[in-house]
Each structure stands twice: as structure tokens, then as C-alpha cells.
2 protein chains.
Amino acid sequence: MKYVTIKDIAKALNVAVSTVSRAFNDKYDIKPETRDRILKKATEMGYRPNPIARKLVQQRSFNIGIIIPEFENSFFPQVIMGAQEVLHQHNYQVLIMQSNESVDLEIQNAKTLVDNMVDGLIISLSGVGDNLSYYKELTEKKMPLVFFNRVPENIETSKVVFDDYKWAFFATEHLIHQGFEDILFISGANELILSKNRRKGYDDAHKKHRIPAGKKITCGFSMKDGAEIAEKLISKNNIPRAILAANDACAIGMMRVFKDSGFKIPEDIAIVGFSETKMAAHISPTLTSVEQPTYEIGKAAAQLLLEQLQNKGIHIPQTIVLNGRLNVRESSVVLS
Amino acid sequence: MKYVTIKDIAKALNVAVSTVSRAFNDKYDIKPETRDRILKKATEMGYRPNPIARKLVQQRSFNIGIIIPEFENSFFPQVIMGAQEVLHQHNYQVLIMQSNESVDLEIQNAKTLVDNMVDGLIISLSGVGDNLSYYKELTEKKMPLVFFNRVPENIETSKVVFDDYKWAFFATEHLIHQGFEDILFISGANELILSKNRRKGYDDAHKKHRIPAGKKITCGFSMKDGAEIAEKLISKNNIPRAILAANDACAIGMMRVFKDSGFKIPEDIAIVGFSETKMAAHISPTLTSVEQPTYEIGKAAAQLLLEQLQNKGIHIPQTIVLNGRLNVRESSVVLS
DNA sequence: AACGTTTTCAGAAACGTTTCCGAAAATAAT
DNA sequence: ATTATTTTCGGAAACGTTTCTGAAAACGTT
């Protein structure tokens, strides 16, 4: 690849490179007509500014990195689209990296992005481990950071979260209203705030209705994880009456195993999922799920990041809590 | 952000920057003990090489750009994961951009990636328009390029495609075997080779069984597109006995509209999807679909790109055709 | 001990920009 | 017409690397 540079234009027009540079960037300090002359020649020669060189001298890139654990469920892609929309409006380009639910790959991704001088990072954790200390280091070095969805507990930075407490509470209450008392609670990694909050919602719903809380299990966020848990439950013959799952993928994984083993949903086991993937409304039976405002999560994260980018230096960590909705469908309703 | 540079190390150790650089890159030309001394100091100081500076001087980045039309269906994410796997093995980082099914955004993405000096590009088209002339330009400038899935017709470069002819043929034949004669064919944009091939497969299956071919419609690849087509068919009261859809999302969009309007699937309308998303096995009724080897598509694309990267200069365009499978499920089978 | 080789390193140029400084040119003020 | 002010531009340094050239140091050979 041969690129047209600022020097080529300067030579062609017999002006200094600094003048050409100014033609593109300065608002004053250059005569309008020479600016036009340069701009015209530039498009004529097919010039495109080299962002690499610019990054090097300006020490900033107008790039934002987004790191997500996976993108097989539509949840994260939707968040990204929300973030992309507001970031594009402010002339930031978005670089997406995917860490495959691996903490190690996540750190590696973060480091690559930082090495490439992204101006900020939007992250959803794959898990909790060494990564946190690295992120702490980054915040100390004033790298703008926003976490969403799967956020860490002890890092002082902006976060966008869902009101997990409230909706776990409502989802649990919904199951209780259906007459189920033995409700299995399944959540993601314990270190995630999200898990803690949902657990509390689950517990408080039980307290409110004076029912002893049921069993709790931690689990991953994929179909496979759900399937494994279901198999374990079946082999131990330890079948709950209802399940509040970590997310839809997990719920669907469990449903498949249960159905294959002859259990009827919701007649034998009722299930509620979390974070509403597109599948929920289409699988059979349709899956009751807590719907999250994915698009808005992305937008909010982007806006928090932009704030940090603008008043750089001082940054007051904010946490935006977004609301949701419980979509009641077949998987959790028994007609009596 | 304050970065530790090669200069800092040089100063700390009282050597020249070139020596430090050599410590990291050269195999000889440096005394092992000074190399060790430098390497030790470097990790001690937390040095990380600045890829931006390196890109600038080497005119290459070890970055590969992947551009996809959308990532709400799991198809493209899976392809990416396949590509990522082999690219990572060869020390390439992957930058993903998403063009939202917009040709304009796709060009913009491609240009950003090129400006950022990616060493190569893996692309699936959002559509056909001005983008093709830009890609032609790129190939003329020797930018390594690989298209997959939605590939253009007149560009001389490597491609990874699915055997659309064959599987459209089989899928059509499957419907004919079920006793359906009025089969509606739905494909993506006409300019895509994929559409042309499927159409031929569809036609030839009809010829083989001496049945006149049915109607053909072109359509987008999203649920919404499918839903719109279905609504149009219903309003015109022009309901086919069976449908071969452009992809699963399109099929599912149609199914929803038909079901909501009281049609029974497959009793009133049989449907076959394409490219097997995860949903196919989970929706109700389960969807017959042509399964594509997504992961392998990604791997193959990455390998073709690596080939171009290695023997740069001469590049013999190859087209890899991958095979698939027809997963027959409820949506296309009527028990007689 | 004198010379030729090889090994090891320092110095400087280069990549494509931006930006600082100061000089020339144009304009305004006297 | 002279000086002061502003506008417009050229030159050079800088960003953090790699890479080329050549010199010094170490070694071997006679």
C-alpha cells in the first residue's frame, strides 16, 4: 500500500508541510484561499490523513475500546450498537475486542487496546481475577474507564448497571405468586455485584412472603453452563419446583436438558431467565425473562465515558442504574 | 497516561536507544548479557512497546480488520471466533467493525481500518454499491483482502463461500419430497453470488423433478425483513405452500407473522431457513435449516489472508467452497 | 606486536503528523 | 513614509520506534 502524505501535497504545491497541516486543522493562521487550494489538491490526490502519525504526536487516538466477554447472545452486540451510536456522533471510532469469557484474554485485550492508545475503555468483565488489579492501575493512571453489566466491586470508576436487586426481587415474587416455594437461584460469579444484588433480591422476596429461601448455585453465563447444572441436578435427583436462572442462555440450556429428560416446563419445573435475548419469545415454551434495556446501557456507558474524556483530570465516578421489565411468558405460568 | 519508553530504558542503563531496540528484536548483533540486562530493566520499569510508533516506521501493524454487516445473529460472531483463533496463533490482533447492514458505513469502516494500517481485511458485504469500486482500488494497491459469505462477483481476490447451489438444491428437493409444489424462494440482494447460486439450485431442483419453479422474492437478512415480506404476502392473499428463506432470522420473522395471523406451520405453510442459527433448534416449531460451518468459514478466511500476507506481491485468488448439512426439523415436515 | 575479523554498540535518519517559534508579508496606525 | 500590528507562513523539533552506517572494542592470526 502506498499512501499519499502531507509531504506530497506540500511538494506539489510548493508550500511547507506545516502549512498543509494547518489547512486541515487550524481555524485561523492560514489564508482562506491557500487553505482551499491545499484542500482541493488534497482531495485531488486522494489524500487521507494518517491517524497513526497523528496518534503518535498527539498521544490520543479518538478510538474507544470496548471489551465484552462473548457475543453469541445478542445482549452484548446490542449494547455495543448503543454505545457506537453516541460515540460515532462525537467522532470516536469503536474498536471491539472479545475475550471469550477468559480473564487472561481479557487482560491481554485491554493491554493491546491501551498500547494502541485508545482514549478510553468500556468493559464488561469475563470474570474476576488478576484483571482487577490491572484496571485499578489504569484508573490511577487516569485512563478513562467505564464498566457495564458485569462490573467489579472495589474499583472507583463509572459504572452502568441494571437494577438487579429489584428485578430479581420481582422475578422471585412472580414465582412465589405462582405458588412455587422451592425456588432454585442461579447466579454468575460471586464477585460480581450483579450476583450479590440478585441474591439479595431473591432473599428479600422470600422474607417478604415468609418463605424460607431455597438453594443457591453459581454458574456461568452460557447455554453449556446451564446444561451442565441441569444434568447435575438430575443426576442427584435434586429437582427444584422453579428456577431463577443467571441469564436466558443459561435458562435455555437447562430447559433443553430438562425437556430431553422428560420433564415438562412449566408443569414440572418453572423457569425464569434474565436479560431477555431475542430467543426468549421464540423458543418453546416461551421463556419468562427480565428484560434489560440493552441499547440504553450502551448509550449510557458511552455518555459516561465522554464525560470523563471531556473534563479530564477530575472525574467523579458515577453509577447509572437502569430499569427493566419482567416479560411473563409460558415457562413460568401454570394454569390452576 | 504516562508510558515508559525505550528512551527511558536507554537513559537508565546508559546505552543507546538502538541498543535497547535491538535487545527486543535482533537475534544477534547484541551481547547476550547486555540483552538480559536491558530486558530485565525493561520489565522492571513496566515497559511495553508502543505499537503505534512501530506501525509508523514499519508501515505494518500486525492488525487484521474484520468487517461484518451485523452481529445480532450468532452467524458472524462465530465466524469471527474462528478467524480470531488462527490469526492469534500468528500474532495478529483482530479489529472488528460492524456496518449495520449499511453500505456507506461499511466503506467508512474499511477506510478507517486502512488508515490505521491494518495488514489485511476480511469482509462480508452489507450490500452492493460504491463499496465495490473501493475494494477494487484496494486490491490494485495490493491490500490483502478476503471476502466471505456475502462476496462480490467481479473482484479478483480470495473468497470463502458456502456451496449455496448445492444446498439450495437439496433444501428445495427436500420440500418437493414432502409433496410441496408451490415453493416461494426468498434470497438476499441479487448482486451477491450467494443469491445467484441459490436461485440456480432452486431452479435445478424443480427441473429435476419436472415441476415449474415458483415465485422468487429478494429480501434482507433480518427478522424485520422477513416479517415485512410475510405481511405483504398475507395482505395480497398470496400464500405459498412452502418457503425457502434467505436465512434463519428472515424465516423466524416470517414464522412469527404467519403464526400471529393464524397460519399453522408446517400444516399451512412449511418453512426452511438458511445458515442455522442457534435459535433454529429452540423455536417452536423447530426450524429446518441448512447448517453452515461458521467456525470453519472464519478459519479458512484467516488462512487465505495469511497466505497473501506471507507471499506478498504475488497473490493467486482462491475460492474455498465449504460444505454444509440440512437439519430437518418440524417446520418442513408434515406427517401424512 | 602488528594486522585483519568479527562482535557489539552508538548515532542518526526515517516514518507522517502536530506544534512551537520566529520571520516575512500584509495591513493598519501614526 | 515610517512604525506598529496583525496575518500568514516556513523551519524545526517532537512523538516512540526501527534500521542503516560506521566506529570502537574484542578477538584471533601470523
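**Exercise 1.** Which residue of chain A stands opposite Arg325(A) in S12(A), and how do the strands around this pair run?

*Solution.* Step 1: the partner of Arg325(A) is Glu291(A). The model is predicted, so local features need pLDDT of at least 70 and side-chain atom pairs count at pLDDT 80 or more, while totals for chains, interfaces and linings use all residues. Residues are numbered from 1 along each chain as its sequence is written, chains are lettered from A and ligands numbered from 1 in the order in which they are written, and side-chain values use heavy atoms, leaving out hydrogens and water.

Step 2: S10(A), residues 288-291, pairs with S12(A), residues 325-327, in the antiparallel sense over 3 bridges. Strands pair here if DSSP finds at least two bridges between them. The elements themselves are DSSP runs numbered from the N terminus: helices are H or I runs of at least four residues, and strands are E runs of at least two.

Step 3: S10(A) is also joined to S9(A), by 3 bridges, and these two strands run parallel. Gly273(A) stands opposite Ser289(A) in that pairing.

**Exercise 2.** Find the cis peptide bond in each chain and place its proline.

*Solution.* Step 1: in chain A, the cis bond joins Ile265(A) and Pro266(A), with omega about 10°. Pro266(A) sits in the loop between helix H11 (248-260) and strand S9 (270-274) of chain A, and S9(A) is a strand already met in Exercise 1 as the parallel partner of S10(A).

Step 2: in chain B, the peptide bond from Ile265(B) to Pro266(B) is cis, with omega near 10°. Pro266(B) is located in the loop between H11 (248-260) and S9 (270-274) of chain B.

**Exercise 3.** Glu101(A) and Arg210(B) each have a positive phi; state where each lies and whether it is buried or exposed.

*Solution.* Step 1: Glu101(A), a residue other than glycine, has phi near 60°. Its loop connects strand S2 (93-98) and helix H6 (103-115) of chain A. With 32% relative accessibility, Glu101(A) counts as partly exposed. Relative accessible area (1.4 Å probe, protein chains only) is read as buried under 20%, exposed over 50% and partly exposed in between.

Step 2: Arg210(B), also not glycine, has phi near 55°. The loop that holds Arg210(B) is between helix H9 (193-208) and strand S7 (216-218) of chain B. Arg210(B) is exposed, at 77%.

**Exercise 4.** How many residues surround DNA strand D, and which elements supply them?

*Solution.* Step 1: there are 27 residues around DNA strand D, the closest being Thr19(A), Asp29(A), Thr34(A), Ile6(B) and Ser21(B). A residue is near a strand if one of its heavy atoms lies within 4 Å of it. Of the atoms of DNA strand D that come within 4 Å of the protein, sugar and phosphate account for 65%.

Step 2: three atom pairs show how the side chains meet this strand. A polar side-chain atom of Arg22(A) is 3.1 Å from a base nitrogen, and an N or O atom in the side chain of Asp29(A) is 3.2 Å from a base nitrogen. Tyr47(B) places a polar side-chain atom 3.1 Å from a phosphate oxygen.

Step 3: two or more residues each come from helix H2 (17-25) and helix H4 (51-58) of chain A, and from helix H1 (6-13), helix H2 (17-25) and helix H4 (51-58) of chain B. H4(B) gives the most, with 4 residues.

Step 4: by class, the surface has 10 nonpolar, 11 polar and 6 charged residues. Charged means Asp, Glu, Lys and Arg; nonpolar means Ala, Val, Leu, Ile, Met, Phe, Trp, Tyr, Cys and Pro; the others, Gly among them, are polar.

**Exercise 5.** Repeat the analysis for DNA strand C.

*Solution.* Step 1: of the 27 residues around DNA strand C, Ser21(A), Thr19(B), Arg22(B), Asp29(B) and Thr34(B) come nearest.

Step 2: phosphate oxygens of DNA strand C lie 2.4 Å from a polar side-chain atom of Thr19(B) and 2.9 Å from one of Thr34(B). Arg22(B) has a polar side-chain atom 3.2 Å from a base nitrogen.

Step 3: the largest share of this surface, 4 residues, comes from H4(A).

Key: Polar contact = N/O pair within 3.5 Å; in protein donor to acceptor, adjacent residues only side chain to side chain.
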